[in-house]
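This briefing sets out selected features of one protein model. It proceeds by topic, from the interior to individual loop residues.

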Amino acid sequence: MHYGKYIVSGVILVLVIVLFIFSSTKVESGHRGVLLQLGAVKPTILTEGFHFKIPFIQNVEQIEVRVQKEESSQSAASKDLQMVTTKVAVNYSVDPGAVNKLFQEIGLDYRTRIVEPAIAESLKAITAQYTAEELISKRPEVSAKVKEMLDKKLIKYYMLLEDINIKEFAFSEEFNKAIELKQTAEQNALKAQRDLDRIKIEAEQQVTQAQAEAESLKLKKEEVTPELIQLKQIEVQEKALEKWDGRLPSVTGGATPFIDLSGVK
């Protein structure tokens, strides 16, 4: 009889343990739990930690709500019909307050059903609005427009766009060669313009210098008056008298010779 009591107690204990196991669940960190009752989605959303459920009637599906990263490479035609391959990295997350709706309407494969097609559609739509060169020169603007369109697409399906980064625009080999030739031509044109500007400046400097010299000569010419000439002659005569030793020359050139009177008594 005592053994029968032990057996019954053991069975009851096992049933309690099994019941506890099947009536409890743990939601992992960074996830939310979708509560299902006989397959139907309930409005209750389970947060991280332990929770109780009705065994064999309710079960829980866990959905990650941490930021997830999706990298994609999409080819599309630009406004000027150049083929462009865009490499993009997208960070997104599932709305923690709508995991039950996401599971009910889309399921667990939301990445392939929603995220990847939304990225492709957004890139193709925005790429078609710009020429190939504009995609390069207006990269921040292009990225902002892709982000705006992608955000509208994801939010409809209970997902939040965190950030987007366009990593690269890849063009055809022919287009790359055309860009290289254009850059070379622009550099040569810039160098020629700089040389022309330098020559123009040097010519203007020479003209300015010539004008200054001509103005200086003109001023000097205006300063030469008959009175100034007479004054200069007087100055020359005065300097000559200062150097004269008092003796007259014996003979000087000219029509009338001087006679040497130094020997006459």
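## Core, sheet and selected residues

Met 159 touches Tyr 92, Ser 93, Val 94, Asp 95, Tyr 110, Ile 114, Val 115 and Leu 154, leaving out residues up to four places away in sequence. The model is predicted. The points below begin with the core to which Met 159 belongs, then turn to a sheet and to four single residues.

**Nonpolar core**

- The largest nonpolar core holds 36 residues, and those touching the most other members are Ile 63, Tyr 110, Val 142, Leu 154 and Met 159.
- Two or more residues each come from the strands β2 (31-37), β7 (83-94) and β8 (159-171), and from the helices α2 (99-105), α3 (110-127), α4 (132-137) and α5 (139-155).
- With 7 residues, α3 gives the most to this core.
- Two of the contacts of Met 159, Tyr 110 and Leu 154, are themselves among the residues that touch the most other core members.

**Three-stranded sheet**

- An open sheet is formed by 3 strands in the order β3-β2-β5, with antiparallel pairing.
- Its edge strands are β3 (40-46) and β5, each of which pairs on one side only.
- From one strand to the next, the twist averages 30 degrees.
- The antiparallel strands β2 and β5 are joined by 7 bridges.
- Val 34 has Glu 61, in β5, as its bridge partner.

**Lys 53, in the loop between β4 and β5**

- Lys 53 is placed in the loop between β4 (49-52) and β5 (58-64).
- Is Lys 53 buried or exposed? Lys 53 counts as buried because its relative accessibility is 16%, and the cut-off for buried is under 20%.
- Beyond its neighbours within four places in sequence, Lys 53 is in contact with Phe 22, Ser 23, Ser 24, Thr 25, Gln 58, Asn 59 and Val 60.
- Among these, Gln 58 offers its backbone oxygen, which the side chain of Lys 53 reaches at 3.4 Å.
- The C-alpha atoms of Lys 53 and Leu 35 are 8.6 Å apart in space, while the two residues are 18 residues apart in sequence.

**Thr 127, in helix α3**

- Thr 127 belongs to helix α3, the element that gives the most residues to the core.
- With a relative accessible area of 3%, Thr 127 is buried.
- Which backbone oxygen lies 2.6 Å from a polar side-chain atom of Thr 127? That oxygen belongs to Leu 123.
- Not counting residues up to four places away in sequence, Thr 127 touches Ala 76, Ala 77, Ser 78, Lys 79, Val 84, Thr 86 and Leu 135.

**Positive phi in two loop residues**

- Most residues other than glycine have a negative phi.
- Phe 56 is not a glycine, yet has a positive phi of about 65 degrees.
- The position of Phe 56 is in the loop between β4 and β5, where Lys 53 is also found.
- Phe 56 is exposed because its relative accessible area is 66%, against a cut-off of over 50%.
- Leu 81, likewise a residue other than glycine, has a positive phi near 65 degrees.
- The loop holding Leu 81 runs between β6 (68-77) and β7.
- Leu 81 is exposed, with a relative accessible area of 71%.

How values were computed. Residues are numbered from 1 along each chain as its sequence is written. This is a predicted model: local features need pLDDT of at least 70, side-chain atom pairs count only at pLDDT 80 or more; totals for chains, interfaces and linings use all residues. Side-chain values use heavy atoms; hydrogens and water are left out. A nonpolar core is a set of buried Ala, Val, Leu, Ile, Met, Phe, Trp, Tyr and Cys residues joined through side-chain atoms within 4.5 Å. Buried means under 20% relative accessible area, exposed over 50%, partly exposed in between (1.4 Å probe, protein chains only). Helices (H or I, at least four residues) and strands (E, at least two) are DSSP runs, numbered from the N terminus. Contact means heavy atoms within 4.5 Å. A polar contact is a pair of N or O atoms within 3.5 Å; within protein, one must be able to donate a hydrogen and the other to accept it, and residues adjacent in sequence count only if both atoms are side-chain atoms. Two strands pair if DSSP finds at least two bridges between them. Axes are lines fitted to C-alpha atoms, for helices over the stretch in contact, and angles run from 0 to 180 degrees between N-to-C directions.
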